[in-house]
Amino acid sequence: MDTLYEWFWWDRIWLPEGLTWADLEDKEGRVYARASHLYVTVPYAFVFLLIRYLFERWIATALALSVGIKQRVHVKPEDNPVLELYYTTQGRNPASADIDGLSKKSSLSVRQVERWFRRRRRQDSPGVLKKFREASWRFVFYLSAFIGGIVALYDKEWLYDTKEVWTDFPKQSMLESQYWYYMLEMSFYGCLLFSVAFDVKRKDFKEQIIHHLATLVLLSFSWCVNYIRVGTLVMLVHDASDVLLESAKLFNYAKWEKTCQALFVLFAIVFLITRLVIFPFWLIHCTWVYPVHHYPAFFGYYFFNVMLVLLLCLHIFWAYLILRMVKKFMFGTLTRDERSDNEEEEGEESSPTEDEGEQQNKPVNGLSANEKDDKNGSFGCMSPPENICWSKTVY
């Protein structure tokens, strides 16, 4: 274990040639980031989970009720061990041949088997209230983080000239504002990672997991090697579009259609500018070109840039989904979120009679009741993400 520890923290992996961890020890009035600081993000992540629970229960729910969003009670399917076993082990949407077989095994008619699966799917599908509460929580954090990032960076020279990111590197003293910016962002992404199992699940679920892990790895690495300046810039760039995404979702769920449409278009513009222009041509350029003017390339240099490129690939994936949605939005053919799983509309569970009919997704002014506006982010979050994190998309 000692040998493994020494190899993991070998100077040549983390730092440029000629530098050692001794160069990042507090001295001469300078305070440097330490790996041990990151331990606090774990309890902070659980604190965020508690705050989220209280916020969604007492504030987001009250806000949802004030705009007319209520929890819809679904008709519970009757207990049937045969159908339940198939649902949990084989799938939510049985093929016609399977339905015939299940009909014989359960002694129910084909129509009754189909109705049972419809009701069972509705029972598991997230309601609008749940989506509204999740979006409210993310909106509050992203807005707070974005404002906090502006306050922390508005008077810093590296915000306006990215060459200043590497001035005097690595002897750049850590600021208190940078400490809290990092700790809160990392704790929030840890919270997202812990809660991903019970959050609304999207088709880009795997991309969201990759995004959250990549974000935490990047933030942790940049913290340990004192890449803090560029790390704060990346977080700020990613937070900008996430605020608009979550606000568009909120107005969509509240059925403020024109406001939702305007925010969605604004989100798409900001997302494309920040994630596909500023991020690659300013920030990745900053981390790829300028460092070699100050020191030879080393393993950590390549690792950091490869991780940034991985995030860029996720951004391109989410941008593709966004542009598809914008195209359908403009031509009035958008009926659901490109990232959402196919699910029955909540409104269809109004009476037993309707269960007999075909289920239809009804578009609302180009945006469906399903969460079509999601990006991490969200479309990620970073993330774009969650949407299309993205996600958040810090990274």
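Start by selecting E56 in this predicted model. E56 is buried, at a relative accessible area of 14%, because that value falls under the 20% limit. Colour its helix as well: E56 belongs to α3. Now show side chains and look for R52, whose side chain shares a polar contact of 2.8 Å with that of E56. Leaving out residues up to four places away in sequence, E56 also touches T61, R133, E134 and W137.

**Along α3 to an aromatic pair**

Stay on α3 and select F48 together with F141. These two form an edge-to-face aromatic pair, with 5.7 Å from centre to centre and 85° between the planes. F48 sits in helix α3 and F141 in helix α7, so the pair ties together parts that lie 93 residues apart in sequence. Are these two rings buried or exposed? F48 is buried, with a relative accessible area of 11%, and F141 counts as buried too, at 10%.

While α7 is on screen, pick I150, which is also in that helix. I150 is partly exposed, with a relative accessible area of 37%. Draw a distance from its C-alpha atom to that of L236: the two are separated by 7.5 Å, although their positions lie 86 residues apart along the chain.

**Into the core**

Next, select W166, Y182, W223, Y227 and F279. These are the residues with the most contacts inside the largest nonpolar core, which has 76 residues. Colour the helices that each supply at least two residues of this core: α3 (41–66), α7 (128–153), α9 (176–195), α10 (205–224), α11 (228–253), α12 (257–288) and α13 (299–330). Which helix gives the largest share of this core? That is α13, with 13 residues.

Zoom in on Y182 and hide its neighbours within four places in sequence. What remains in contact with Y182 is L219, S222, W223, Y227, I228, G231, T232 and M235. Then move to another core, which lies apart from the largest one and has nine residues, including Y87, I99, W116 and F117.

**Rings across the chain**

For the aromatic residues, there are 37 pairs to find in this model. Begin with W14 and F221: their ring centres are 5.4 Å apart and their planes meet at 20°, so the pair is stacked. W14 lies in helix α2 (residues 11–14) and F221 in helix α10, so this pair links parts of the chain that are 207 residues apart. Both W14 and F221 are buried.

Now widen the selection to W9, W14, W21, W166, F169, F221, Y227, Y295, F298, F299, F303 and F304. Together they form one aromatic cluster. Keep W166 and Y227 highlighted for a moment, since both were also among the residues with the most contacts inside the largest nonpolar core.

**A loop before α3**

Where does R34 lie? Look in the loop between α2 and α3. R34 counts as partly exposed, at 34% relative accessibility. Its contacts, not counting residues up to four places away in sequence, are with E25, D26 and W223. Add L24 to the view: R34 and L24 are 10 residues apart in sequence, and their C-alpha atoms are 8.6 Å apart in space.

**Two packed helices**

Select helix α4 (residues 81–89) and helix α5 (residues 96–106). They pack at an angle of about 150°, and their axes are 9 Å apart. To see the contact, show V82, L83 and Y86 of α4 with D98, L102, K105 and S106 of α5. By class, this contact has four nonpolar, one polar and two charged residues.

**Two positive phi values**

Follow the chain on from α5 to S107, in the loop between α5 and α6 (110–124). Most residues other than glycine have a negative phi. S107 has a positive phi, near 60°, and is not a glycine. S107 is exposed, with a relative accessible area of 66%.

Finish at K255, in the loop between α11 and α12. K255 is another residue that is not a glycine, and its phi is positive at about 65°. What is its accessibility class? At 61% relative accessibility, K255 counts as exposed.

How values were computed: Residues are numbered from 1 along each chain as its sequence is written. This is a predicted model: local features need pLDDT of at least 70, side-chain atom pairs count only at pLDDT 80 or more; totals for chains, interfaces and linings use all residues. Side-chain values use heavy atoms; hydrogens and water are left out. A nonpolar core is a set of buried Ala, Val, Leu, Ile, Met, Phe, Trp, Tyr and Cys residues joined through side-chain atoms within 4.5 Å. Buried means under 20% relative accessible area, exposed over 50%, partly exposed in between (1.4 Å probe, protein chains only). Helices (H or I, at least four residues) and strands (E, at least two) are DSSP runs, numbered from the N terminus. Contact means heavy atoms within 4.5 Å. A polar contact is a pair of N or O atoms within 3.5 Å; within protein, one must be able to donate a hydrogen and the other to accept it, and residues adjacent in sequence count only if both atoms are side-chain atoms. Rings of Phe, Tyr and Trp (its six-membered ring) pair if their centres lie within 6.5 Å; planes under 30 degrees apart count as stacked, over 60 as edge-to-face and the rest as tilted. Axes are lines fitted to C-alpha atoms, for helices over the stretch in contact, and angles run from 0 to 180 degrees between N-to-C directions. Ala, Val, Leu, Ile, Met, Phe, Trp, Tyr, Cys and Pro count as nonpolar, Asp, Glu, Lys and Arg as charged, and the others, Gly among them, as polar.
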